[in-house]
Amino acid sequence: MKAFVTGITGQDGSYLAELLLSKGYKVYGVVRRSSSENYDRIAHIRDRIQLLQADLLDQVSLSQALAYSMPDEIYNLAAQSFVPTSWAQPVLTAEFTGTGVTRMLEAVRTTCPKAKFYQASSSEMFGKVQETPQNELTRFYPRSPYGVAKTYGHYITVNYRESYGLHAVSGILFNHESPRRGLEFVTRKITNGVARIKLGLDREIRLGNLDAKRDWGFAGDYVKAMWLMVQNQKPTDYVVATGVAHSVRDFAKIAFATVGLNWENFVVSDQAFMRPAEVELLLGNPGRAEKELGWKQETSFEKMIELMVQADLKRHSV
Ligand code: NAP
Ligand code: G4F
């Protein structure tokens, strides 16, 4: 089996590539041209995957990469994925995260229409939530240009499934984290800050809304759900979540406690990290994915935080 992964240099792309290799897939990964290589997260598997240069902004490059690899499965994980940047660069975010999905789908339709397609949809589409917990039928109400772009990407995937009969599925994944999470996201910002404070390299962490609640899971568990969704006989969309929400404050409290420190002595509130429109609460119901795909969360919230803090301590200790 051959798999084609966009966003392979990102958090999820690196875990998914590991999973696919462990299952015997030939893995093709899309990378975009850059003046310096950005392959840290895939350095350990670099010699076992084939990288192809293409960009979500460039239709021809996507079609050529697919024509070259002719994959059985395609995982579209590439996106501008940081919510605050979507207010600073709304048009670019729409191009990457929204229209980029149409470019991928067009490339699939015209090059390898029998391939199975996975779209990385997001719980950010629920935004100002219309019911709690959120499930596959909950109405979307995106609150950021990123959420709006993801909602477009979600519906265009559904549309290509219904218009052209593509085996296209959309995973509505709630927040998932790991030691490979980008440093700007709140979980990694906290665990990195905790490690630096513990080692005497910093004195505080400046954060925005401590009351925001998220349903946080471990990225390594979530890529398994992506794969299971693609194997499903009938192409259908699923929510992937843990079913438990925690506040940013809770996250900070636990992260500091893992190194024997009290969070209140180090966390400073900073307006600069508040958002123009906030998503206050995300809490998913993974019942359908558990029942129909047999997927289950394996790594607890506390265990994940510990993994992240330990990895950051190790990184700063060398
Ligand atoms: P990430 O770490 O930010 O990775 C994003 C990837 O997209 C990187 O490999 C990046 O490449 C690539 N990319 C960005 N723009 C591109 C372009 N124009 N052409 C080609 N590649 C491009 O994101 P992640 O956390 O792994 O998330 C993976 C996907 O799931 C994203 O679509 C995200 O929006 C979605 N999602 C994530 C979560 C979550 O909690 N992590 C939840 C729901 C949905 P560079 O390395 O070159 O920048
Ligand atoms: O970690 P965050 O930046 O993630 P956010 O906005 O929930 O988005 C992530 O999850 C989505 C799935 O729901 C993905 F689609 C998306 O690509 C991304 O992976 O922020 C989480 C919460 C927010 O409510 C934010 O206001 O933490 C709050 N927060 C408080 N202080 C902060 C900070 N967020 C960041 N990044 N930095 C802070 O200092």
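Helix H6 (186-198) and strand S8 (205-207) each contribute at least two residues to the shell around ligand 2 in this predicted model. In total, 25 residues surround ligand 2, and the closest are Ser-122, Ser-123, Tyr-146, Arg-275 and Glu-278. Sorted by class, this shell holds 11 nonpolar, 6 polar and 8 charged residues.

Where does ligand 2 lie with respect to domain 1 and domain 2? Ligand 2 lies between them, because domain 1 (2-176 + 216-240) and domain 2 (180-214 + 244-282 + 291-317) both give residues to its shell.

Side chains reach ligand 2 through polar atoms. An N or O atom in the side chain of Asn-175 is 2.7 Å from an oxygen atom of the ligand. A polar side-chain atom of Lys-189 also lies 2.7 Å from an oxygen atom of ligand 2. For Arg-214, an N or O atom of the side chain is 2.8 Å from a ligand 2 oxygen. On its own, ligand 2 has 720 Å² of accessible area, of which the protein covers 96%.

**Ligand 1**

The shell of ligand 1 comprises 24 residues, with Thr-9, Arg-32, Asn-38, Ser-81 and Tyr-146 as the closest. Tyr-146 is thus listed among the closest residues for ligand 1 and also for ligand 2. Helix H1 (11-22), strand S5 (116-122) and helix H5 (145-164) each supply at least two residues of the ligand 1 shell. Strand S5 gives the most, with 3 residues. The class composition of this shell is 9 nonpolar, 10 polar and 5 charged residues.

Polar atoms of ligand 1 approach both side-chain and backbone atoms. An oxygen atom of the ligand is 2.6 Å from an N or O atom in the side chain of Thr-9. The backbone is approached at Leu-56, where a polar atom is 3.1 Å from a nitrogen atom of ligand 1, and at Ala-79, where a polar backbone atom is 3.2 Å from a ligand oxygen. Taken alone, ligand 1 exposes 900 Å², and the protein buries 89% of that area.

The polar approaches to the two ligands are set out below.

| Ligand atom | Protein partner | Distance |
|---|---|---|
| Ligand 1, oxygen | Thr-9, side chain | 2.6 Å |
| Ligand 1, nitrogen | Leu-56, backbone | 3.1 Å |
| Ligand 1, oxygen | Ala-79, backbone | 3.2 Å |
| Ligand 2, oxygen | Asn-175, side chain | 2.7 Å |
| Ligand 2, oxygen | Lys-189, side chain | 2.7 Å |
| Ligand 2, oxygen | Arg-214, side chain | 2.8 Å |

**The two domains**

The chain is divided into domain 1 (2-176 + 216-240) and domain 2 (180-214 + 244-282 + 291-317). Their centres, taken over C-alpha atoms, are separated by 25 Å. Across the interface, 34 residues of domain 1 are in contact with 29 residues of domain 2. The size of an interface is often given as the accessible area lost when the parts come together. Here the domains bury about 2900 Å² between them, and 61% of this area is on carbon and sulfur atoms. Phe-82, Trp-216 and Asp-221 supply 28% of the area that domain 1 buries against domain 2, more than any other three residues.

**Thr-111**

Thr-111 belongs to helix H4 (residues 90-111). The side chain of Thr-111 reaches the backbone oxygen of Ala-107 at 2.7 Å. Leaving aside residues up to four places away in sequence, Thr-111 touches Ser-63, Leu-66, Ala-67 and Met-70.

Note on methods
Residues are numbered from 1 along each chain as its sequence is written. Chains are lettered from A and ligands numbered from 1 in the order in which they are written. This is a predicted model: local features need pLDDT of at least 70, side-chain atom pairs count only at pLDDT 80 or more; totals for chains, interfaces and linings use all residues. Side-chain values use heavy atoms; hydrogens and water are left out. A residue is near a molecule or strand if one of its heavy atoms lies within 4 Å of it. A polar contact is a pair of N or O atoms within 3.5 Å; within protein, one must be able to donate a hydrogen and the other to accept it, and residues adjacent in sequence count only if both atoms are side-chain atoms. Accessible areas come from the Shrake-Rupley method with a 1.4 Å probe; for residues, only the protein chains shown count as cover. Helices (H or I, at least four residues) and strands (E, at least two) are DSSP runs, numbered from the N terminus. Ala, Val, Leu, Ile, Met, Phe, Trp, Tyr, Cys and Pro count as nonpolar, Asp, Glu, Lys and Arg as charged, and the others, Gly among them, as polar. Domain bounds come from an automatic or database domain assignment. Contact means heavy atoms within 4.5 Å. Buried area is the accessible area (1.4 Å probe) that two parts lose on being put together, summed over both.
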